[in-house]
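Reader: Could you take me on a close look at a single part of this model? I would enjoy one connected account of how its pieces fit together.

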Amino acid sequence: MTHISLTAAPVAPVSPRAGRLRPLGLDEVRISDGFWAERQRVNGENTLAHIESRLESEGWLANFDLAARGELPEGRRGREFSDSEVYKYLEALAWEIFRTDDDALETRFRRVVDRVAAAQEPDGYLNTRFGRPGQGARWSELDWGHELYCLGHLFQAAVARARTRPDADDGLLAIAIRAADLVCHEFGADGRDAICGHAEVEVGLAELGRLTGDDRYLRQAALFVERHGRGTLPDIEFGRVYYQDDVPVREAEALRGHAVRANYLSSAAVDVAVDTGDDELLGALRRQWERTVARRTYITGGQGSHHQDEAFGDDFELPPDRAYSETCAGIGSIMFSWRLLLADGDARYADLIERTLFNVVATSPAADGRSFYYANTLHQRVPAQPADPDATSPRAHSSLRAPWFDVSCCPPNVARTFASLAALVATADDEGVQVHQYAPSIVRTTLSDGAVAAFEVSTAYPADGQVQVTIVEDGEWTLTLRVPSWASGATVQVGEEGEADAAPGAVSIRRAFRAGEVVRLFLPVRPRVTAPDPRVDAVRGCVAIERGPEVLALESTDFGADIAEAVVDTASGVHESQGRVHVRVSRRDTGEAVDAALIPYHSWAQRGPSTMRVWLPTS
């Protein structure tokens with residue numbers, strides 16, 4: 001196997017060349033227990049095997065075997081983008097193998113790579129839907145064909161493998177480089193002046209360039225980003241806004257069009273802006289993030305209010321019962337916010353990541369990790385029938401989680417996110433370490449001056465708001481803890497000193513730490529009533545109830561009736577009892593008032609079919 005020189009980088013999905021903060025890798029942060037550790041366990045033990053089983057039974061993996069044997073297009077199954085689900089699965093495996101050192105997963109990984117490798121053409125082209133006799137020509141359907149989109153996920157899988165097992169010698173990185181070289185040849189400055197209808201190749205190329213140190217890939221990513229908005233793709237019923245080909249990235253005022261495409265493109269644009277020092281582009285992306293979060297994002301962090309085109313609506317167009325809020329859009333939003341956090345260090349980005357993780361990503365998989373929500377409604381009017389565990393859902397209904405979809409982008413996207421989740425916990429700079437997400441974890445990194453920052457985080461968060469940081473090694477550095485925007489009244493205590501106020505944003509402690517020293521952050525995790533922006537017509541006269549980072553919901557299972565009959569009385573108090581939040585709710589039909597328990601939104605419909613709503617009417 002040809003040796004490929006790699007640049008030093010954290011064992012993480014994103015490693016920018018510049019920025020305010022440096023990501024910490026999976027070798028520097030480990031989630032050890034609690035809410036997210038349980039989801040990682042289920043992901044590793046159940047979800048990954050479930051995904052591979054469906055990739056086999058649906059024939060999406062077998063497409064590569066058919067390609068290798070020259071038997072396409074006969075027998076090919078799946079949509080034009082089904083190759084990408086195999087690549088996302090490989091990426092998830094790569095992170096999980098590093099996390100667990102599981103030999104069985106390693107064997108599965110290599111077997112899939114061998115099947116992918118056998119399908120690659122001599123010049124690097126790799127796709128099972130195009131390019132062979134009886135199929136459409138290469139690059140002939142850039143608007144809907146997803147050839148470049150699929151390759152973007154291949155590049156991200158190769159980056160994950162190279163950063164976690166740089167000496168694996170399994171061939172995946174070489175496959176990706178051959179394909180990336182072909183992309184640069186075909187679509188470079190002297191090649192096709194074109195883009196893919198679904199952004200993703202840009203983000204993959206940028207990270208592949210960081211991994212290999214080859215600036216051609218970054219330049220190609222930048223070319224694709226700049227070509228968006230020139231109207232090179234066909235105008236369609238949803239308009240060119242659907243694939244962000246209506247307005248140049250620099251000129252856009254907010255994210256718009258297909259929500260996943262928009263977030264992937266914005267993530268790539270941050271990569272390009274940071275690595276090339278393009279402050280103008282970065283400033284435009286900051287402004288777009290701010291407007292999108294303020295006016296086009298659900299209380300859950302979900303994005304996308306149009307079912308027909310899986311797209312953002314206009315400002316304040318956020319109907320709860322028509323919330324599409326695709327799981328993949330939530331993951332794309334995290335990708336965008338994380339890159340801005342690394343660039344700027346602003347805690348607001350981590351706030352949105354937390355909100356989206358708890359209320360979109362955690363909502364998608366069932367407790368056993370074998371069925372999923374594709375879309376995440378905030379209001380379910382009619383109970384659904386349980387999904388057939390052996391069937392493939394043709395549509396992305398939100399009523400109950402389904403084991404698989406004709407478009408199954410979300411299950412492997414969730415899998416790769418959970419497997420690499422520790423990379424979102426903390427960052428470092430020249431002064432110290434910043435903790436952004438709270439989970440029982442072990443953190444150890446060496447700072448630029450040689451100081452070692454090593455500590456353990458203990459917490460029952462989000463059930464409890466106390467976060468305890470215990471220093472493991474002596475060292476002088478700065479510990480920065482995020483204080484969520486909802487946490488007014490938070491306090492911090494260092495050692496035996498008295499508590500001090502910790503305003504929303506972040507609190508920093510600079511000192512010569514000693515092993516065994518403890519820093520405690522107290523976050524007021526208690527129920528709070530949230531009123532909507534009055535410009536959101538669909539929820540005027542309603543309230544939502546939140547507790548810490550979790551959005552709560554009223555489910556018919558607890559109300560004892562259809563939630564269409566529910567009217568809440570927050571004046572009578574919202575209180576906690578026996579570990580659950582309760583609110584006084586009256587029934588429109590009978591006038592009867594009950595003390596109804598609420599559930600974290602991410603756990604709705606885990607007990608069977610139900611009706612549910614997040615925004616509760618007050619009259």
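**Strand 5 and its surroundings**

Author: Happily! Let us start with strand 4 (residues 426-428) and strand 5 (residues 432-435), which run antiparallel and are joined by 3 bridges. Please keep in mind that this is a predicted model. A hairpin of 3 residues leads from strand 4 to strand 5. Within this pairing, alanine 426 has valine 435 of strand 5 as its bridge partner.

Strand 5 also has a parallel partner: 4 bridges pair it with strand 9 (residues 475-483). Here glycine 432 stands opposite threonine 478 in strand 9.

Now follow the chain into the loop between strand 5 and strand 6 (441-446), where tyrosine 438 lies. The structure holds 21 aromatic pairs, and one of them is formed by tyrosine 438 and tyrosine 461. Their ring centres are 5.8 Å apart and their planes meet at 80°; planes over 60 degrees apart count as edge-to-face, so this pair is edge-to-face. The contact links distant parts of the chain, as tyrosine 461 sits in the loop between strand 7 (452-459) and strand 8 (466-471), 23 residues from tyrosine 438.

How covered are these two tyrosines? Buried means under 20% relative accessible area, so tyrosine 438, at 2%, counts as buried. Tyrosine 461 is buried as well, with a relative accessible area of 3%.

The two rings also belong to a cluster: ring pairs link Tyr438 and Tyr461 with Phe35, Trp36, Phe358 and Phe418.

Note on methods
Residues are numbered from 1 along each chain as its sequence is written. This is a predicted model: local features need pLDDT of at least 70, side-chain atom pairs count only at pLDDT 80 or more; totals for chains, interfaces and linings use all residues. Side-chain values use heavy atoms; hydrogens and water are left out. Two strands pair if DSSP finds at least two bridges between them. Helices (H or I, at least four residues) and strands (E, at least two) are DSSP runs, numbered from the N terminus. Rings of Phe, Tyr and Trp (its six-membered ring) pair if their centres lie within 6.5 Å; planes under 30 degrees apart count as stacked, over 60 as edge-to-face and the rest as tilted. Buried means under 20% relative accessible area, exposed over 50%, partly exposed in between (1.4 Å probe, protein chains only).
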